[in-house]
Amino acid sequence: MRTMSTRVLIIGAGPVGLGLGLDLAWRGVDALLLDQGDGHVEHPRTGLVAVRTMEFFRRWGIADAVRNCGFPDDYALSIVFCTSLNGKLLDRDDFPSMRDTPTPDWTPEKKQRCPQQWLMPILEGAVRERAPDMLRYRHRLDDFERLPDRVRARVTDLESGEALVVEADYLVGCDGATSAIRSKIGVGWHGKERLNYSMGILVRCPDLIRHTRWGEAERYLFTGPEGSWGNLTVIDGREMWRLTVFGSEEKFDLSRFDPAAWMRRALGRDDIPFEVISLLPWRRSEMLADTFRDGRVLLAGDSVHTMSPTGGLGMNTGMGDAADLGWKLQGVVEGWAPPGILDSYTTERRPVAARNARFSTENFKAWVSPKDCSIVLDDTPAAEALRREIGAGLKESTQAEWQSWGLQVGYRYDDSPICIPDGTPAPPDDYAAYTPTARPGARAPHAWLSDGRSTLDLFGRGFVLLQFTGGGDTDAAALAEAARARGVPFDVVTIDDPAVAALYAAPLVLVRPDGHVAWRGRSVPDPAAVLDRVRGAGAETTQPALTLSSMS
């Protein structure tokens, strides 16, 4: 069999696999990305690109392409709670279009709607532009074995039938919730397997907005006599929609399931033409892997965490995995970080995944009305009062879902072995509100610089030491020399702006390649200890030399 070799073998070219491949290509790391499919998205699931993911896309050079994906920027992104599109209104939560949505002052980007069938080609094109030979569709992973110094995989080219051997330093499984790679290496998988069963119905209905009483919306949530029964979500802002119906495994027997009947119920009329494109039965779950790494095999995305899509955090959490893992793999294969740094991947990302999954489950529970809704369709004062009560409750509970800035951007790696605590108290962990902080482990805050760049634009290629007034040149030079001696990519950026200095709250701030703060302080008594700690080569150092205590 023909043998190929690569530094990193990625299995699964969904959004997360493509994101990791793009990050590695952007870093110049040799990688091979295989998928047994052909790249076609038959049933798009993800559609929301969250703020933090847009920041990653900005780093990788694709934010503008995602912004201009084709979703109409004047389409109103409201949430409507109703019995049907032509039935009775329970309540509504009005949100502006992407054009009219302001960019928060703590980020250079804002969220974007980009359906999966448009996002995937953008990611794929960026991967092929940076690494033309990385991505190969119609290649199936058959088996693999772990050797002391590499992973050996057996692969079949499904087009030619040729059997291949791929040898890699590391294997990353981005192969989804039913991950064969996770199962083979025996990683535990625990949580809530059956939050509910749902049926996704992809529908083409060009005249839908013209025939609804409620106008444009990102999502319509439906309540009937049985309670909450489903929702309709915009796909392309023109004619494509996804109707999700809640139910049970028995309810979704495909031989008896009538998608057209459910769509007519959602429309509330029988005279609006539509076409059912595809069906996708799926199980809503909250699952988490016990570890994200076992030796030379790592896992990312749905292969290590699943969560309800209520909140749009699934793909976006996976992109955070890719951003965390990419620079660490770079360090290991280039030799400036030891293999042990990869253990920090689980330490950092697993708590974030657990947090996001819990939040998503609570959002879903809020959708399901516990009240007796048997009269919800009636034309009586009691029914009208019930509709107002249910609608107000749904509106209140879903506001947390759509305004979860602290959850999306405020996650921190407080317990990471490669971030050096500075002794400052942790800010509150508020899912709704994001409070910028440069405390080690946190995302380095955004601020606009005098040349028009964001501070976030400084990060990515290597470690960056931000030097503000009061940060000594001798200390900066000592850190730079320690990095040079270890081959660590390193840069020093001097910022003469009191507002940015106040935001970062230390004269010297060391930021990792993924944009999270690794260390900050006034002076660096032991530069070698700092560099060894943040590159994963020295977990124990003397605390006084590494904290902010010397700043006062």
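## A walk through the sheet and beyond

Let us start with one pair of residues: glycine 191 has methionine 287, in strand 15, standing opposite. This pair belongs to the contact between strand 11 (residues 189-204) and strand 15 (residues 275-289), which run antiparallel and are joined by 13 bridges. Keep in mind as you look that this is a predicted model.

How far can the prediction be followed? The mean pLDDT of the protein is 93, with 97% of its residues at 70 or more. An exception to keep in view is the stretch of residues 540-552, where the pLDDT is below 50. In the model, this stretch nevertheless has 29 contacts beyond near neighbours in sequence.

Now step back from strands 11 and 15 to the sheet around them. Eight strands make up an open sheet with mixed pairing, and their order is 5-4-12-13-14-11-15-18. Strand 5 and strand 18 (305-306) are the edge strands, each of them pairing on one side only.

Next to the edge strand 5 in that order comes strand 4, and it is a good place to pause. In a regular strand, side chains alternate between the two faces of the sheet. Which residues of strand 4 point which way? Within strand 4 (residues 79-82), Ile79 and Phe81 point one way, Val80 and Cys82 point the other way, and all are buried.

Strand 4 has a partner on either side in the sheet order, strand 5 and strand 12. With strand 5 (residues 89-93) it pairs in the antiparallel sense, over four bridges. Six residues lie between these two strands, and together the strands form a hairpin. Here valine 80 has arginine 92 of strand 5 as its bridge partner. With strand 12 (residues 219-224), strand 4 pairs in the parallel sense, again over four bridges. On that side, isoleucine 79 is found opposite arginine 219 of strand 12.

From the strands we can move to a helix. Serine 360 sits in helix 8 (residues 343-367). Is serine 360 buried or exposed? Its relative accessibility is 0%, so serine 360 counts as buried. Leaving aside residues up to four places away in sequence, serine 360 touches Met307, Ser308, Thr310 and Leu313.

Two loop residues deserve a look for their backbone. Most residues other than glycine have a negative phi. Arginine 138, however, has a positive phi, near 60°. You will find arginine 138 in the loop between strand 7 (135-137) and strand 8 (139-147). With a relative accessibility of 29%, arginine 138 falls between the limits of 20% and 50% and therefore counts as partly exposed.

The second of these residues is alanine 505, whose phi is also positive, at about 60°, although alanine 505 is not a glycine. The loop that holds alanine 505 runs between helix 12 (498-504) and strand 21 (508-511). Alanine 505 has 38% relative accessibility, so this residue too counts as partly exposed.

To finish, let us turn to empty space. Rolling a probe the size of a water molecule over the atoms shows where such space is left. The second largest pocket has a volume of about 220 Å³. Which residues lie nearest its centre? Of the 13 residues that line this pocket, Pro351, Val352, Arg412, Tyr413 and Asp414 lie nearest the centre. By kind, the lining of the second largest pocket has six charged residues, four nonpolar ones and three polar ones.

Technical notes. Residues numbered from 1 in each chain as written. Predicted model: local features only at pLDDT ≥ 70, side-chain atom pairs only at ≥ 80, totals over all residues. Heavy atoms only, no water. 1 Å grid on protein atoms, 1.4 Å probe; cavity = no way out; pocket = protein on both sides within 12 Å on 5 of 7 lines; lining within 4 Å. Points joined across faces, edges and corners; volume = space filled by probe spheres on them. Nonpolar A, V, L, I, M, F, W, Y, C, P; charged D, E, K, R; others polar. pLDDT = per-residue confidence, 0-100. Contact = heavy atoms within 4.5 Å. Buried < 20%, exposed > 50% of the residue type's maximum accessible area, 1.4 Å probe, protein only. Pairing = 2+ DSSP bridges.
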